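The following exercises are to be worked with the sequence and the three-dimensional structure in view. Each task is followed by a solution in steps.

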Amino acid sequence: MSARTAEPPRDERPKTTVLTFRDKHRRGEPLSLVTAYDFPTARAVDEAGVDGILVGDSLAMVVLGHPNTLSVTMDEMLHHARAVSRGARGALLIGDLPFLSYQADEAEAVRNAGRFLAESGMDAVKLEGGKAFVSTIRAIVRAGIPVQGHIGLTPQSVNALGGYKVQGKTAESARDLLDDALALEDAGCTSIVLESLPDRLATYITERLTIPTIGIGAGVGTSGQVLVAHDLLGMFERFTPRFVKRYAELGTAMREAFAAYRKDVEARAFPGPEHSYTMTDEEWKAFQAAAVKRPHLRAARG
Ligand code: KIV
């Protein structure tokens, strides 16, 4: 890349912290979150005034092309989280602990959670799971790391759940999810993602908690909402869950732009004079005269 212009000035907004999050929730104001995995998207989300950016392990599917979230590694997550923290200055930044970075061993969970803060500028981490993870969450919170919980449809357990299915549809499973939410709050989570639950259950859980719930496929009664950026922008076309609202069709716009570029190149319509650099006639003539005197250079190179 060459001749890039200087960055335009950026409007500053105060940094969102877990306390800002808590206060906004206490005032009854909805919280907005979006995922991001790179610098330009993080910057756009941040400048749009969104409260929080989740560097989700959905990275595996929407950016890296894997069939599910299970194979993204801690190092890949950190690589993308670093790019996001370079792009976002105001939003709360949450790093998603990937599969097997916290399930096997509590000390390893604390170390991996800490890496998100120490090595990639995240403010908090998220992990999937209910009651079974209370002691892991307590250990991470003890290390001074804010934790966002995630219950309901937890994609890292897709094999155990038998697919990407709505959770909590029976009285018994709804009761389990309520218990999970209460246990996560008690363990010190600062917020909880509720994914793919009946809306009345998500609202009920939200009303029983003092910490904010962040819904995705959980209706309008949660304290806030999160969407995967590529879903919202129309850039992930493999499938679209019912809960996604597309705010743009960037997948189509990208294909159209790339095809228009290819056609321009093939027709020699790009680059035009406005995209090309010039040289004075005087320098050009001097160059030609010098070049004519040195024909042997080309011949010598063979
Ligand atoms: O990985 C992710 O993007 C998530 C959201 C769907 C909450 O966990």
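The exercises concern a predicted model and treat the ligand site, an internal cavity and two backbone features in turn.

**Exercise 1. The surroundings of the ligand**

Task: Determine how many residues surround the ligand and which are the closest.

Solution. Step 1: Taking residues with a heavy atom within 4 Å of the ligand, one finds 13 residues around the ligand. Step 2: The closest of these are Gly-56, Asp-57, Ser-58, Asp-96 and Lys-126. Step 3: Sorted by class, the shell comprises five nonpolar, four polar and four charged residues.

**Exercise 2. Polar contacts and cover**

Task: Find the distances that separate side-chain atoms of Asp-57, Ser-58 and Lys-126 from oxygen atoms of the ligand, and state what share of the ligand's accessible area the protein covers.

Solution. Step 1: The cut-off for a polar contact is a pair of N or O atoms within 3.5 Å. Step 2: For Asp-57, a polar side-chain atom is 2.9 Å from a ligand oxygen atom. Step 3: For Ser-58, the corresponding distance from a polar side-chain atom to an oxygen atom of the ligand is 2.5 Å. Step 4: For Lys-126, an N or O atom of the side chain lies 3.0 Å from an oxygen atom of the ligand. Step 5: On its own the ligand has 250 Å² of accessible area, of which the protein covers 95%. Step 6: The largest pocket is the space that the ligand takes.

**Exercise 3. The internal cavity**

Task: Establish how many cavities of 30 Å³ or more the structure holds, and describe the lining of the largest cavity by elements and by class.

Solution. Step 1: Rolling a probe the size of a water molecule over the atoms shows where empty space is left. Step 2: The structure holds one cavity of 30 Å³ or more, and the largest cavity has a volume of about 60 Å³. Step 3: Its lining includes Val-18, Phe-21, Leu-92, Ile-94, Val-147 and Gln-148. Step 4: At least two lining residues come from each of helix H1 (18-26), strand S3 (92-96) and strand S5 (147-152). Step 5: By class, the lining has seven nonpolar and three polar residues, and no charged residues.

**Exercise 4. Two backbone features**

Task: Is the peptide bond from Phe-270 to Pro-271 cis or trans, and where does Leu-100 lie?

Solution. Step 1: The bond from Phe-270 to Pro-271 has omega near 0° and is cis. Step 2: Pro-271 belongs to the loop between helix H11 (250-266) and helix H12 (281-292). Step 3: Leu-100 is located in the loop between S3 and helix H5 (106-120). Step 4: The phi value of Leu-100 is near 70°, which is positive in a residue other than glycine.

Notes. Residues numbered from 1 in each chain as written. Predicted model: local features only at pLDDT ≥ 70, side-chain atom pairs only at ≥ 80, totals over all residues. Heavy atoms only, no water. Polar contact = N/O pair within 3.5 Å; in protein donor to acceptor, adjacent residues only side chain to side chain. Areas by Shrake-Rupley, 256 points an atom, 1.4 Å probe, with all protein chains shown as cover. 1 Å grid on protein atoms, 1.4 Å probe; cavity = no way out; pocket = protein on both sides within 12 Å on 5 of 7 lines; lining within 4 Å. Sits in = over half its atoms within 2 Å of the grid points. Nonpolar A, V, L, I, M, F, W, Y, C, P; charged D, E, K, R; others polar. Points joined across faces, edges and corners; volume = space filled by probe spheres on them. Helix = DSSP H or I, 4+ residues; strand = E, 2+ residues; numbered from the N terminus.
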